[in-house]
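Visitor: Before I rely on the labels attached to this model, I would like to hear what each of them rests on.
Guide: Then let us take the labels one at a time, with the structure in view.

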Amino acid sequence: MLDIVIEARKAAISESVVVKRILPFRLRRMVGPFIFMDHAGPLGSVPANPSAMDVLPHPHIGLSTVSYLFDGQVTHRDSTGVQQIIKPGEVNWMTAGSGIAHSERFEDPAALAGGLEMIQTWVALPEKDEESTPTFRNYTKSELPVFTDNGVWMRLIAGDAFGLSNGVETLSPLFYLHVVLEAGATFRIPDGYSERAIYVVKGSVETGGHFYQPGKMLVFNKNAEPVIKARENTTLMLLGGEPLGERFIWWNFVSSRKERIEQAKEDWKQGRIQLPPADDHEFIPLPEDYSRPAGAPPRPEPLS
């Protein structure tokens with residue numbers, strides 16, 4: 001029934017933000033088109049200087065970033081000129097395509113008074129869309145259908161599942177859901193997709209006679225029909241879809257071609273990927289490439 005259980009690892013994305021990194025994992029690089037997943041928080045308190053949490057301008061190619069907040073607020077700026085305050089329950093979908101740079105800033109301490117918690121995923125693009133024109137779109141909560149029944153609450157973030165759909169533009173078959181279960185409630189995962197997973201954000205679940213705590217991703221076999229039971233009030237993220245084929249990932253770059261990753265490295269070093277017009281005074285330089293024998297320093301960590 002279970003293909004693999006992935007346990008989140010720690011990764012630093014800024015001076016004072018350490019996240020739980022779920023994907024990619026060495027034994028499971030992707031789930032459907034999802035190639036990256038970070039869980040930031042929950043942070044009950046923020047630094048006296050919230051700017052220490054900022055993620056400076058950095059580049060992406062060949063993917064869409066999907067930002068989803070539970071608590072707090074972050075300001076997104078990108079090289080298309082978009083400036084968007086990201087709020088809880090909204091979907092913020094940035095398609096990097098041929099190349100984009102963006103920053104994530106924490107500029108309103110009052111908005112962080114209740115803490116910060118967010119999930120960011122990357123969705124790899126089909127080969128035909130890898131060089132598409134960069135775009136950004138914010139979808140408000142009113143655009144995202146919610147379903148409730150028998151101790152189950154769920155919001156469709158993107159794709160199609162359980163007969164729900166929304167206007168979030170996707171480029172390959174997928175589903176992505178925010179699910180809240182009351183203690184004792186049971187739930188099933190969507191069928192009709194080749195690859196499916198759940199990530200335990202908080203609480204705990206039982207399935208197949210085993211118990212799973214926060215920070216665990218459960219990846220299920222294609223034909224599995226598991227029953228998920230909440231042992232307490234629980235929050236889950238459900239995701240999956242159809243595989244796109246092999247993808248290479250280095251730092252913030254994703255591509256079906258290794259040579260395209262090398263080109264993106266050079267483009268960033270040479271300033272050929274434009275910085276956000278309203279946030280162009282600093283940026284993250286290309287990390288040193290640690291493609292060396294065993295014993296060398298670790299490879300650069302992806303950012304959000």
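Visitor: What makes β17 and β20 the edges of the open sheet?
Guide: In this predicted model, an open sheet of 4 strands runs in the order β17-β22-β19-β20, with antiparallel pairing. β17 (186-188) and β20 (210-212) each have a single partner strand, so one side of each is left without a neighbour in the sheet. From one strand to the next, the twist averages 30°.

Visitor: How do you know that β19 and β20 pair?
Guide: Two strands are said to pair if at least two bridges are found between them; β19 (residues 205-207) and β20 are joined over 3 bridges, in the antiparallel sense, and therefore they meet the criterion of at least two. As for one of the partners, valine 205 is bridged to tyrosine 212 in β20.

Visitor: Why is histidine 39 called buried?
Guide: The relative accessible area of histidine 39 is 1%, and buried means under 20%, so the label applies. Histidine 39 is found in strand β4 (residues 34-43), and its side chain makes a polar contact of 2.8 Å with the side chain of glutamate 117 and another of 2.8 Å with that of tyrosine 199.

Visitor: What makes the pair of histidine 39 and glutamate 117 a polar contact?
Guide: The cut-off for such a pair of N or O atoms is 3.5 Å, and the side chains of histidine 39 and glutamate 117 are joined at 2.8 Å, which is within that limit. Leaving aside neighbours within four places in sequence, histidine 39 is also in contact with other residues, including Val19, Ile22 and Val201.

Visitor: Why does lysine 222 count as exposed?
Guide: Lysine 222 has 54% relative accessibility, and exposed means over 50%, so lysine 222 qualifies. This residue lies in the loop between β21 (216-220) and β22 (227-230), and, apart from neighbours within four places in sequence, lysine 222 is in contact with Tyr193, Ser194 and Arg196.

Visitor: Which residues have the most contacts inside the largest nonpolar core?
Guide: The largest nonpolar core has 29 residues, and those with the most contacts inside it are Met37, Val91, Trp93, Tyr176, Met217 and Met237. A second, separate core of 24 residues includes Val152, Met154, Leu181 and Tyr193. In soluble globular proteins, nonpolar side chains tend to be buried together.

Key:
Residues are numbered from 1 along each chain as its sequence is written. This is a predicted model: local features need pLDDT of at least 70, side-chain atom pairs count only at pLDDT 80 or more; totals for chains, interfaces and linings use all residues. Side-chain values use heavy atoms; hydrogens and water are left out. Buried means under 20% relative accessible area, exposed over 50%, partly exposed in between (1.4 Å probe, protein chains only). A polar contact is a pair of N or O atoms within 3.5 Å; within protein, one must be able to donate a hydrogen and the other to accept it, and residues adjacent in sequence count only if both atoms are side-chain atoms. Contact means heavy atoms within 4.5 Å. A nonpolar core is a set of buried Ala, Val, Leu, Ile, Met, Phe, Trp, Tyr and Cys residues joined through side-chain atoms within 4.5 Å. Axes are lines fitted to C-alpha atoms, for helices over the stretch in contact, and angles run from 0 to 180 degrees between N-to-C directions.
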